[in-house]
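Here is a short set of exercises on a ligand and the protein around it. Have the model open and work through each solution step by step.

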Amino acid sequence: MDLGLKGKLAVVTGASKGIGLGIANAFAREGAHLVINARGEEAIEKAAREISARHRVRCLSVAADVATAEGCDYVIDAAQDFGGADIFVSNAGTGSNETVAEASDDKWMDYWNLHVMAAVRLSRGLADQMEAKGGGAMLMNASICAVQPLWYEPIYNTTKAALMMFSKCLSTEMIKRGIRVNTVNPGLIRTPDWENTTRELRGEDWETYLQEVADEHADIRRFGTVEELADFCVFLCSPRAAYSVGSAYHVDGGMLKTV
Ligand code: NDP
């Protein structure tokens with residue numbers, strides 16, 4: 001299937017590793033050019049070099065912290081200079097670990113800025129570019145935890161739920177400007193981060209532990225691959241998904257326990 005993405009410009013945050021890197025590679029495979037972002041300069045530059053070389057597309061790295069207004073402006077300006085965004089995937093994010101009783105206000109605000117304000121600021125800035133190019137698509141990467149919380153990360157659950165609601169509100173506004181907005185809620189996706197955390201927790205036995213996590217949570221009894229999720233995300237951002245507006249899609253191997 002031709003997804004119709006050749007020559008488009010996709011902006012992907014949190015793209016130096018894991019899901020964001022997978023999404024960037026999947027766009028590049030379809031012939032889309034990219035602006036990719038993360039904080040770590042070396043890693044994001046390396047990712048951009050590898051993507052350009054592998055897929056023969058233009059890929060610009062932008063080292064910036066999207067949890068700040070300045071970092072978002074930096075990404076928005078870079079996308080404008082690179083030709084203007086057609087697609088935006090808000091992906092930068094990370095898990096948390098706390099109790100409500102013990103977590104500080106600062107911790108709440110840090111996650112709010114990363115999971116919600118980054119999406120607010122970037123979508124606001126990039127929408128003008130998309131509109132000028134005749135429309136576009138935005139995808140917010142929330143989490144299954146936005147609707148089915150894990151007990152040890154209340155800040156993550158709450159801020160991802162807020163991102164999902166923001167995405168719905170934004171979609172109503174943006175469709176009038178020719179921009180489709182959707183949310184994806186992944187379940188367990190096997191990333192280097194999951195592997196490293198599990199190694200720290202369980203040492204040599206880490207693969208057994210990963211399997212136990214999958215057995216406990218996902219009906220399919222395995223983690224999803226980055227590629228399985230990335231393909232879905234790229235399809236949703238493509239003109240082939242033109243009637244998908246303001247929806248939230250679970251990619252979770254049966255982890256969600258409600259209809
Ligand atoms: P990783 O930790 O593997 O990658 C996170 C990426 O985001 C890195 O490139 C990191 O680079 C970047 N990043 C982190 N903070 C910032 C910031 N403030 N500004 C810019 N870039 C940032 O995460 P995953 O790939 O696992 O997760 C990606 C997204 O998917 C997250 O939003 C996560 O909540 C969501 N998700 C993941 C699931 C999973 O099972 N893996 C399940 C459900 C949702 P750097 O540190 O250099 O900035």
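**Exercise 1.** Find which atoms of Gly40, Gly187 and Trp194 lie close to ligand oxygen, using polar contacts (pairs of N or O atoms within 3.5 Å).

*Solution.* Start with Gly40: one of its backbone N or O atoms is 2.9 Å from an oxygen atom of the ligand. Next, Gly187 also offers a backbone N or O atom, at 3.4 Å from a ligand oxygen. Then turn to Trp194, where a polar side-chain atom lies 3.0 Å from an oxygen atom of the ligand. Finally, the cover: on its own the ligand has 890 Å² of accessible area (Shrake-Rupley method, 1.4 Å probe), and the protein covers 90% of this.

A note on the source: this is a predicted model, in which local features need pLDDT of at least 70 and side-chain atom pairs pLDDT 80 or more, while totals for chains, interfaces and linings use all residues. Residues are numbered from 1 along each chain as its sequence is written, and side-chain values use heavy atoms, without hydrogens and water.

**Exercise 2.** Work out why the ligand lies between domain 1 and domain 2.

*Solution.* First, take the residues around the ligand (a heavy atom within 4 Å): there are 29, and Ser16, Arg39, Asp65, Asn91 and Tyr156 come nearest. Now look at the domains, whose bounds come from an automatic or database assignment. Domain 1 (9-189 + 226-251) and domain 2 (190-223) both give residues to this shell, so the ligand lies between them.

Technical notes
A polar contact is a pair of N or O atoms within 3.5 Å; within protein, one must be able to donate a hydrogen and the other to accept it, and residues adjacent in sequence count only if both atoms are side-chain atoms.
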